[in-house]
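Here are my notes for your first look at this one. Keep the viewer open and follow along point by point.

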Amino acid sequence: MKDDERHEPYVLDDPERLKALAHPMRRRMLTLLNLHGPATSTTLGELLGAKTGTTSYHLRQLEKYGFIEEIPERSSGRERWWRRARILRDMRAPHPDELAPGDRAVLEEFHRVGYEEDLALVERFPAAYRADPDWAWGSRGLVRMTKDELKAFQDEYVALLLRHGHQADDAPPDARPLYVRLFTLPADDG
């Protein structure tokens with residue numbers, strides 16, 4: 001087991017850090033840095049169809065809250081290179097009760113933006129499956145669990161992802177980045 005897999009989950013209970021991740025462009029920038037590696041604000045602006053000033057602002061916000069870092073050895077003059085910070089891989093949203101009532105709207109926005117991304121991925125699934133069913137997999141189910149069992153399942157699920165997944169710099173040559181999503185909700189509609 002790798003060292004970063006033996007930690008407790010990191011809960012994003014700082015409303016400002018949560019707010020930094022609740023912005024769609026910042027989330028997309030983090031995804032691009034994860035997928036393609038280091039980039040400049042100009043590179044990211046081209047990929048996102050945004051102005052360099054806009055991407056620079058959002059990069060500074062991500063840096064401020066520790067999600068990315070500058071690569072000093074690659075940066076020169078006005079050109080700054082950025083990479084995803086080496087942070088804990090098990091980041092979780094806080095329980096609403098862990099936030100002040102006035103900060104709960106930030107949590108709701110964080111979830112809204114995330115699930116908007118997830119819906120876009122769900123829409124891409126059929127085409128990805130047709131293109132290469134060995135790389136596209138889905139599972140659906142209906143089970144009964146207690147809250148404690150669901151918590152234990154969540155912890156084991158994240159541990160399984162950490163055990164089998166790789167960071168970009170330690171991945172085997174034939175590894176591909178994969179979007180993996182899991183969510184649960186009560187089946188009270190039936």
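1. Which residue forms a salt bridge with Arg181? Before the answer, one caution: what you have here is a predicted model. The partner is Asp118, and the closest N and O atoms are 2.4 Å apart. Arg181 sits in the segment after α6 (147-164) while Asp118 belongs to helix α5, so this pair ties together parts that are 63 residues apart in sequence. As for cover, Asp118 is buried, with a relative accessible area of 15%, whereas Arg181 is partly exposed at 42%.

2. Now step back to the whole chain. You should find six helices and five strands. Reading from the N terminus, the order is β-α-α-β-α-α-β-β-β-α-α. The C-alpha trace spans about 60 × 45 × 35 Å along its principal axes.

3. A few totals to keep in mind. Of the 190 residues in the protein chain, 26% are buried. The accessible surface comes to about 13600 Å², and carbon and sulfur atoms supply 53% of that. Among contacts with a separation of 6 or more, 63% are between residues 24 or more positions apart.

4. On charge, the chain carries 29 positive and 34 negative charges. Take the mean position of each set, and the two points lie 4 Å apart.

5. Next, the sheet. What is the order of its strands? It is β2-β4-β3, an open sheet of three strands with antiparallel pairing. The edge strands are β2 (39-40) and β3 (68-70), each of which pairs on one side only.

6. The pairings are easy to trace by hand. Two bridges join β2 to β4 (residues 81-84), and one spot to look at is Thr40, whose bridge partner in β4 is Trp81. On the other side, β3 and β4 pair over three bridges, again in the antiparallel sense. There, Ile68 has Arg84 of β4 as its bridge partner.

7. Ser41 is worth a click too. It is found in helix α3 (residues 41-48). Is Ser41 buried or exposed? Its relative accessible area is 11%, so Ser41 counts as buried. Setting aside residues up to four places away in sequence, Ser41 touches Thr52, Thr55, Ser56, Leu59 and Arg80.

8. Back to salt bridges, of which the structure holds ten. One of them joins the side chains of Arg92 and Asp90, at 2.9 Å from N to O. Both ends are covered: Arg92 is buried at 11% relative accessible area, and Asp90 is buried at 6%. The cut-off for buried is under 20%, so each of these two values falls within it.

9. That pair is also part of something wider. Which residues are linked with Asp90 and Arg92 in a network of salt bridges? They are Lys151 and Asp155. I'd show the four side chains together when you look at this part.

10. For another setting, go to helix α5 (residues 104-131), where Arg112 and Glu109 both lie. They are three residues apart, about one turn of the helix, and they form a salt bridge with the closest N and O atoms 2.8 Å apart. Arg112 is partly exposed, with a relative accessible area of 40%, and Glu109 is partly exposed at 31%. Compare that with the Arg92 and Asp90 salt bridge, where Arg92 and Asp90 are buried.

11. Last stop: Phe153, in helix α6. At 36% relative accessibility, Phe153 counts as partly exposed. Leaving aside its neighbours within four places in sequence, Phe153 is in contact with Met145 and Leu182. For a sense of distance, pick Tyr57 as well: the two residues are 96 apart along the chain, and their C-alpha atoms are separated by 39 Å.

12. If you only have time for a short tour, I'd pick three places. Start with Arg181 and Asp118, the salt bridge that links the segment after α6 to helix α5. Then look at β4 in the sheet, set between β2 and β3 in the strand order. Finish on the salt-bridge network of Asp90, Arg92, Lys151 and Asp155.

Conventions. Residues numbered from 1 in each chain as written. Predicted model: local features only at pLDDT ≥ 70, side-chain atom pairs only at ≥ 80, totals over all residues. Heavy atoms only, no water. Helix = DSSP H or I, 4+ residues; strand = E, 2+ residues; numbered from the N terminus. Buried < 20%, exposed > 50% of the residue type's maximum accessible area, 1.4 Å probe, protein only. Contact = heavy atoms within 4.5 Å. Areas by Shrake-Rupley, 256 points an atom, 1.4 Å probe, with all protein chains shown as cover. Lys, Arg positive; Asp, Glu negative; His and termini not counted. Charge placed at Lys NZ, Arg CZ, Asp CG, Glu CD. Pairing = 2+ DSSP bridges.
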